Amino acid sequence: MVQASDIEAGHAVYSPAFLRIYDLFVHGLVNHLVWHCPTAALRALYDRNVKAHHLDIGVGTGYFLDKASWPAAHPDITLLDLNPHCLDFTSRRISRFAPRTVVANILQPLPRLGPFDSVGFGYLFHCIPGTIPEKAIAFDYLCPLLAPGARVFGATILNSGLPRWRPSQALMDFYNRMGFFSNAKDTLTDLTAALEQRFDHVRIDMKGPVALFEAQAG
C-alpha cells in the first residue's frame, strides 16, 4: 500500500531553491550526460502533442510549457501538482497564458475538470511510489477528464529489464534510496501494458532509460 510519506518524498525535493537550478541541472546536464535523452527530444514530444485545451500533471518548472509550439495563440492551460512550489513557479513562468492551478494527488480521484484535448505527464511516473500497474490508476482517474481523441503523453525513467549503464544506474539507485525516485521495478513491459489497456495508438520511444510515450483517448 502506498504511504503518504512515500508520496511526500517524491515531490519534497522540489523546493523553491531547487526549482531555480532544476533546468540547468536536469535539462542542461543530466538528460544529456546521464540519461542519454536529449532535452530536445522531450521538447519535440510536447510540440507533437500539445493542444489548445491542455492539462499538465507534475509540472516541475514549466520548462516545456514555456518552450512548446502551441497550436493556438492563447491556449487554455491547467496545471495540476501536489507541490504548491511547482505550481507557483510554473504559473509565474507562463503567466502570459493565465494558467489555472490545481493542487491534487494523481493517485486519488481528481476534481471535475476539462474536457482536455491534451495531457502531459513530463518526468512524473518515476517519482510516484509503487509499481507501474499501481501507478497506472492515475490514468483511470484521468480518463473522465479527456475529450474524444485527446493526446496523452509524457516521459518516465525506467529501471528494471533494461541494459544498465553504470553512471545512470548509480544515480537511479541513489535517488531511490533518497525517495526522490520510486522506479526500482518500473519496466517497459508494464508501461506498455498500462497504456495499451486504456488508450489507442500507443507509441513508446526509448532514449537511454527514458521512455517517451504517446497515446490517444478513444
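## The largest pocket

Sixteen residues would be a long list to inspect, but five of the 16 that line the largest pocket lie nearest its centre: Tyr-14, Tyr-22, Val-26, Tyr-175 and Phe-181. The pocket belongs to a predicted model, and the space in it comes to about 220 Å³.

Which helix gives the most to the lining of this pocket? Helix α2, which covers residues 16–33, does so with 5 residues. Sorted by class, the lining holds 14 nonpolar residues and 2 polar ones, while charged residues are absent.

## Confidence in the model

The average pLDDT of the protein is 93, and 94% of the residues reach a score of at least 70. Residues 1–7 are a stretch where pLDDT stays under 50. For these residues the model has 8 contacts beyond four places in sequence.

## Backbone geometry

Most residues other than glycine have a negative phi, and most peptide bonds are trans. Three places in this model may be set against that background.

The peptide bond from Gly-114 to Pro-115 is cis, and its omega is near 5°. Pro-115 sits in the loop that runs between β3 (100–103) and β4 (116–123).

Ala-98 is not a glycine, yet its phi is positive, near 50°. This residue is part of the loop between α5 (84–93) and β3. Is Ala-98 buried or exposed? Ala-98 has a relative accessible area of 63% and is therefore exposed, the cut-off being over 50%.

His-201 likewise has a positive phi, of about 50°, without being a glycine. His-201 belongs to strand β6, which spans residues 200–207. With a relative accessible area of 61%, His-201 is exposed.

## A buried residue in strand β7

Ala-211 is located in strand β7, residues 210–216. Why does Ala-211 count as buried? Its relative accessibility is 0%, so it falls below the limit of 20% that defines a buried residue.

With which residues is Ala-211 in contact, once its neighbours within four places in sequence are left aside? The contacts are Gly-154, Ala-155, Thr-156, Leu-158, Leu-191, Ile-204, Asp-205 and Met-206. Leu-146 offers a further reference point for the position of Ala-211: the two are 65 residues apart in sequence, and their C-alpha atoms are 22 Å apart in space.

Notes:
Residues are numbered from 1 along each chain as its sequence is written. This is a predicted model: local features need pLDDT of at least 70, side-chain atom pairs count only at pLDDT 80 or more; totals for chains, interfaces and linings use all residues. Side-chain values use heavy atoms; hydrogens and water are left out. pLDDT is the predictor's confidence in each residue, from 0 to 100. Contact means heavy atoms within 4.5 Å. Helices (H or I, at least four residues) and strands (E, at least two) are DSSP runs, numbered from the N terminus. Buried means under 20% relative accessible area, exposed over 50%, partly exposed in between (1.4 Å probe, protein chains only). On a 1 Å grid over the protein atoms alone, a cavity is a set of points where a 1.4 Å probe fits but cannot get out, and a pocket is an open set with protein on both sides within 12 Å along at least five of seven lines; lining residues have an atom within 4 Å of a point. Grid points are joined across faces, edges and corners, and a volume is the space filled by probe spheres set on the points. Ala, Val, Leu, Ile, Met, Phe, Trp, Tyr, Cys and Pro count as nonpolar, Asp, Glu, Lys and Arg as charged, and the others, Gly among them, as polar.
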